[in-house]
Amino acid sequence: MRKIRYSRWDRSNGDALDADSVFEQLNENMSDTGDLQQAMRRLLQRGLKQGEKRAPGLEDLLSQVAREMRRLYEQYRIQPAQDEVKEALESILQDERRTLDDLGEKPEVEEKKRFLDRLPAKTSDAVEKLADYHFENSQAGEKFQELLSKLDRIRRLENSIRREGNLFRGQTPLDFNEAQETLDRLEELRRLESQLSSTRPDQVDLDLLQKLLGNDAARDLEGVARLESTLEEEGYVVSRGDHFELTPRGVRRIGQLALRDIFEQLRRDALGRHAVRKRGSQELLTEESRPYAQGDSLHLNIIQTLKNALLNGGGLPVRLRPGDFMVYESEHSTRAATVLLLDMSWSMSWDGRFAAAKKVALAMDSLMRSLHPRDYFGIVGFFTRAVELKAKDLPEATWNMGDPFTNLQDGLHLASEMLDRRPSQNQQMIIITDGQPTAYCRQGRLYCEWPLSFGGISQRAAEETLREAERVTRRGIKINTFMLDDSPVLKDFVDALTRINRGRAFYTRPDRLGEYLLIDYVSHRRKKI
């Protein structure tokens with residue numbers, strides 16, 4: 001008998017964080033910043049949304065601090081507290097002057113009167129100057145000693161009024177003690193504000209937060225701290241003391257999310273496995289069967305085979321005839337080797353170009369791992385020089401402002417070397433770029449060449465790049481180019497490259513790049529005959 005146990009509802013259970021949702025938010029932040037550390041800070045600052053429910057971040061707590069400070073300013077007037085102190089001092093001085101008048105016109109009495117007349121107008125300065133004064137009126141002297149004990153707080157009050165007195169616009173007057181309590185609270189709020197601004201939940205005084213903002217705010221802070229711990233516990237990131245690093249699982253998940261986003265744009269259920277009716281590796285289609293024919297691989301659909309035997313003969317023992325055998329339908333898919341060349345020059349920072357290109361690279365890497373694990377997929381980033389990028393490098397890769405030139409020639413050369421290490425009859429390069437070449441390498445030396453004019457061409461760089469394209473073509477490697485800019489110079493260069501290689505060229509916007517590239521890739525994944 002099944003038993004169900006009921007217990008008192010605990011708010012913490014209802015607020016449990018979904019690790020996948022947390023990581024998706026982190027991934028969105030990385031798309032904006034290109035840096036894991038900045039993305040993690042933004043996650044802690046802004047929190048996340050899980051459906052209609054919002055998990056607060058540090059910025060929400062900072063907003064509560066600001067609201068509490070604003071409430072104090074709008075509720076109270078602090079000037080009456082200073083007036084109270086000033087009136088208390090004036091009362092003491094009046095009592096002392098009356099006593100001096102009663103003592104007659106003695107030289108020492110006249111000197112004391114002149115001293116009192118020369119006191120500073122500022123209350124705290126006057127109190128400080130009277131500290132060594134010997135009062136003739138004993139009661140006035142006692143009252144002064146009480147006032148002298150408050151000197152530090154008087155100065156604090158005066159400084160606060162000087163700095164922020166105009167902020168106190170409320171109708172409720174504060175006396176001296178109430179003003180001190182209000183200033184204490186404001187100082188605590190500023191201290192809490194500073195702690196929350198550090199984006200380190202472990203640096204926040206939880207007791208202070210609870211005192212100033214209440215229990216709900218304390219639970220919200222604990223929720224912010226769980227954002228980090230949830231990602232670590234699920235194996236998406238690992239803490240290295242002063243910084244975080246993505247784990248292999250985290251890198252794979254980013255690729256899966258990129259692929260999902262692009263597929264959602266396509267508004268299709270799936271792209272399939274893009275098989276061709278040629279010899280290659282074989283995959284079974286377990287939802288389809290057909291009668292066995294001589295020469296077929298014996299991948300039996302045993303259920304359908306036995307069903308045919310029973311329908312045709314019936315009885316026990318079951319007798320199988322050649323016509324009863326059913327085999328699973330199969331298709332042959334080809335192995336391929338692909339290198340994606342990703343433009344990382346400075347101009348790729350415009351209009352979201354690099355973010356879109358990087359998402360495509362992540363999606364293709366995920367596509368290869370999930371659908372074509374035997375295929376080779378490499379990535380080359382090119383700017384003033386070309387570098388090989390590993391999958392683990394992609395999430396934090398970004399455009400290179402320090403190297404403004406575009407060295408596609410070096411990128412093609414490096415991609416060729418990578419394909420040499422992965423022999424295949426089906427090799428291709430995919431280029432994502434927004435500008436024509438402005439740098440090249442020759443005999444081991446790097447040459448950079450500014451265009452002849454704005455929007456013009458770098459003639460030698462273009463020529464050397466097309467020569468490299470000829471070498472690539474002679475080795476049977478196809479080049480497909482995706483342009484993120486429609487400038488005439490870039491189009492002319494890509495047209496020349498396409499004529500040499502007989503590949504294909506596309507112009508697309510950054511927000512449609514994923515759709516164009518993935519559809520083109522999966523629909524042209526063919527083995528050459």
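**Notes on charges, paired and unpaired**

1. Starting with the surface: the protein's accessible area comes to about 29,300 Å², with 47% of that belonging to carbon and sulfur atoms. Areas here follow the Shrake-Rupley method with a 1.4 Å probe, and for residues only the protein chains shown count as cover. Keep in mind that this is a predicted model: local features need pLDDT of at least 70, side-chain atom pairs count only at pLDDT 80 or more, and totals for chains, interfaces and linings use all residues. Residues are numbered from 1 along each chain as its sequence is written, and side-chain values use heavy atoms, with hydrogens and water left out.

2. On the overall fold, there are 19 helices and 16 strands (DSSP runs numbered from the N terminus: H or I of at least four residues for helices, E of at least two for strands). Of the 529 residues, 45% count as buried (buried is under 20% relative accessible area, exposed over 50%, partly exposed in between; 1.4 Å probe, protein chains only).

3. Now the negative patch. Asp83, Glu84, Glu87, Glu90, Asp175, Glu178 and Glu181 form it on the surface. Patch members have over 30% relative accessible area and no salt bridge, with like charges joined within 9 Å; Asp and Glu count as negative, Lys and Arg as positive, while His and the chain ends are not counted. Each charge is placed at NZ of Lys, CZ of Arg, CG of Asp or CD of Glu. Helix 5 (79–102) and helix 10 (176–197) each supply at least two residues, and helix 5 gives the most, with four. Asp83 sits in helix 5 and is partly exposed at 33%.

4. As for paired charges, the whole structure has 31 salt bridges (a side-chain nitrogen of Lys or Arg within 4 Å of a carboxyl oxygen of Asp or Glu). One of them joins Arg200 and Glu228 at 3.0 Å, N to O. This pair links distant parts of the chain, 28 residues apart: Arg200 is in the loop between helix 10 and helix 11 (206–213), Glu228 in helix 12 (residues 215–233). Arg200 is partly exposed at 31%, whereas Glu228 is buried at 9%.

5. Arg471 and Glu468 also pair up, at 2.7 Å, N to O. They are separated by about one helical turn because they lie three residues apart in helix 17 (residues 459–474). Glu468 is buried at 5%; Arg471 is partly exposed at 35%.

6. Two more to look at: Asp324 and Arg321 meet at 3.9 Å, N to O, with Asp324 buried at 1% and Arg321 partly exposed at 46%. Glu68, Arg71 and Arg185 are linked in a salt-bridge network.

Key: Patch = residues over 30% accessible without salt bridge, like charges linked within 9 Å, V, L, I, M, F, W, Y side chains within 5 Å.
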